[in-house]
Amino acid sequence: MCALFSSFFSQKKDIWPGMTDVHSHLLPGVDDGFSSLEDSREMLAFLQELGVKRMFLTPHIMADLAKNRAVTLKEHFGTFRESCEGISVDMRLAAEYMLDECFYERMEEGLLSYDGEHVLVEVSCLQAPGDLFEKLYAIQLNGFIPVMAHPERYPFWDISGLMKLKEHGCKFQLNLFSLAGFYGTLPHKTSLSLLKKGYYDFAGTDIHSLNYRRGYDTLSLKKDQYEAVEKLLHGNETLWKQ
Ligand SMILES: [Fe+2]
């Protein structure tokens with residue numbers, strides 16, 4: 001295959017079979033994600049059909065969702081799993097922690113991490129907290145590694161701002177549908193740039209509803225992007241190591 005043709009060769013559905021997804025809002029009725037058990041089960045059936053192997057469920061934990069605490073989410077997760085009998089997609093509970101005014105209290109209660117080590121975090125899309133670096137440091141002092149969810153989606157961080165997060169010990173999780181322009185022009189451009197530079201560590205879908213099915217159907221990657229994403233999916237598997 002000549003180099004020119006090869007660089008435009010697109011891969012449509014090959015990333016999904018065997019995938020471990022590290023970011024989803026599949027746990028129904030707890031945040032702005034899936035709202036009913038029926039929808040969550042329908043999505044799981046769709047994912048199973050695609051060959052997705054494992055899903056981390058990562059509900060939001062933030063001040064605005066006061067009921068979402070590690071203990072209560074574990075209970076919800078247990079009930080949900082029991083109602084998903086017959087579905088072969090393996091599931092585990094983690095969380096997506098907003099680095100807001102409640103974060104230290106939530107950390108004291110025990111963090112829902114991926115693997116006992118990595119913790120998914122986010123900040124408001126409007127503004128990063130003034131004490132962001134103190135919080136990132138506190139997470140590490142507690143023995144965890146922060147993983148910033150979808151860094152490409154924050155309009156106030158350019159590449160050098162994002163690099164500062166990396167220098168402060170943060171790993172990065174790509175939202176795969178950013179690569180298809182799902183969140184607009186700037187996240188699209190930033191995601192392509194970060195992927196090309198090799199700055200991501202993990203990749204997830206961040207699915208919130210059945211509407212995200214069209215993302216799976218339409219995501220198309222050039223050969224070099226496909227290869228870069230494959231590496232991130234290997235990274236995802238390391239989080240399922242317990
Ligand atoms: Fe999310």
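This is a walk through a predicted model, starting at the metal and moving out through the sheets and cores.

**Stop 1: the iron ion**

Select the iron ion and show the side chains around it. Four protein residues supply donors: His-23 and His-25, each through NE2, Glu-96 through OE, and Asp-206 through OD. Their distances from the iron run from 2.1 to 2.3 Å. Now look at the geometry. The angles among the 4 donor atoms go from 79 to 166 degrees, so the arrangement is irregular. For tetrahedral, all angles would have to lie between 85 and 135 degrees. If you want a mental reference, the ideal angle for four tetrahedral donors is 109.5 degrees.

Colour the donors along the chain and you get the spacing H-x1-H-x70-E-x109-D.

**Stop 2: His-25 and its surroundings**

Stay at the site and centre on His-25. Which loop holds it? His-25 sits between strand S2 (20–21) and helix H2 (37–50). His-23 and His-25 are both buried; for His-25 the relative accessibility is 1%, under the 20% limit, which is why it counts as buried.

Next, turn on polar contacts. The His-25 side chain pairs with the side chain of Asp-31 at 2.8 Å. That His-25 side chain also comes to 3.4 Å from the backbone oxygen of Thr-58. If you select everything touching His-25, leaving out residues up to four places away in sequence, you pick up Asp-31, Asp-32, Gly-33 and Phe-34, then Thr-58, Pro-59 and His-60. Glu-96, Asp-206, Ile-207 and His-208 complete that set of contacts.

**Stop 3: the sheet of 6 strands**

Switch to cartoon. What is the strand order in the open sheet of 6 strands? Read across, it goes S4-S6-S7-S8-S9-S10, with parallel pairing. At its edges are strand S4 (60–61) and strand S10 (202–204), each of which pairs on one side only.

Zoom in on strand S6 (residues 96–98), which includes the iron donor Glu-96. S6 runs parallel to S7, and 3 bridges join them. To find the register, put Tyr-97 opposite Val-121 of S7.

Now select S7 (118–122) by itself. Buried or exposed? 5 of its 5 residues are buried. Side chains in a regular strand alternate between the two faces of the sheet. In S7, His-118, Leu-120 and Glu-122 are on one side, with Val-119 and Val-121 on the other, and both faces are covered.

Further along, strand S8 (residues 145–149) pairs with strand S9 (residues 171–175) in the parallel sense, over 3 bridges. Ala-149 has Gln-173 as its bridge partner in S9.

**Stop 4: just ahead of S7**

Step back to Gly-116, in the loop that links helix H4 (103–108) to S7. Gly-116 is partly exposed, at 45% relative accessible area. Draw a distance from its C-alpha to that of Leu-239: the two atoms are 9.1 Å apart, although 123 residues separate them along the chain.

**Stop 5: helix H6**

Select helix H6 (residues 159–167). Its buried residues include Gly-161, Leu-162, Met-163 and Leu-165. What do the buried residues of H6 pack against? Their partners are helix H5 (132–141), S8, S9 and helix H7 (185–197). Just after H6 comes Gly-169, with a positive phi near 90 degrees.

**Stop 6: the sheet of 3 strands**

Back to the cartoon for another open sheet, in the order S2-S3-S5 and with parallel pairing. S2 and strand S5 (90–93) are the edge strands, each pairing on one side only. Strand S3 (residues 54–57) meets S5 in parallel over 4 bridges. Two pairs to pick out are Met-55 with Met-91 and Leu-57 with Leu-93. Rotate S5 to compare its faces: Met-91 and Leu-93 make up the covered one, Asp-90 and Arg-92 the uncovered one.

**Stop 7: the cores**

Finish inside. The largest nonpolar core has 68 residues, and Trp-16, Leu-47, Leu-176 and Ile-207 have the most contacts inside it. Apart from it lies another core of 10 residues, including Ala-94, Tyr-114, Phe-202 and Trp-240.

Centre on Trp-16 for the last view. Beyond its neighbours within four places in sequence, Trp-16 is in contact with Leu-50, Gly-51, Val-52, Leu-176, Phe-177, Thr-205, Tyr-216 and Leu-219.

Methods: Residues are numbered from 1 along each chain as its sequence is written. This is a predicted model: local features need pLDDT of at least 70, side-chain atom pairs count only at pLDDT 80 or more; totals for chains, interfaces and linings use all residues. Side-chain values use heavy atoms; hydrogens and water are left out. Donors are N, O and S atoms within 2.8 Å of the metal (3.2 Å for Na, K and Ca); water is not among the atoms, so sites may look incomplete. Four donors count as tetrahedral if all angles lie between 85 and 135 degrees; four count as square planar and six as octahedral if opposite donors are over 155 degrees apart and all others between 65 and 115; anything else is irregular. Buried means under 20% relative accessible area, exposed over 50%, partly exposed in between (1.4 Å probe, protein chains only). A polar contact is a pair of N or O atoms within 3.5 Å; within protein, one must be able to donate a hydrogen and the other to accept it, and residues adjacent in sequence count only if both atoms are side-chain atoms. Contact means heavy atoms within 4.5 Å. Two strands pair if DSSP finds at least two bridges between them. A nonpolar core is a set of buried Ala, Val, Leu, Ile, Met, Phe, Trp, Tyr and Cys residues joined through side-chain atoms within 4.5 Å.
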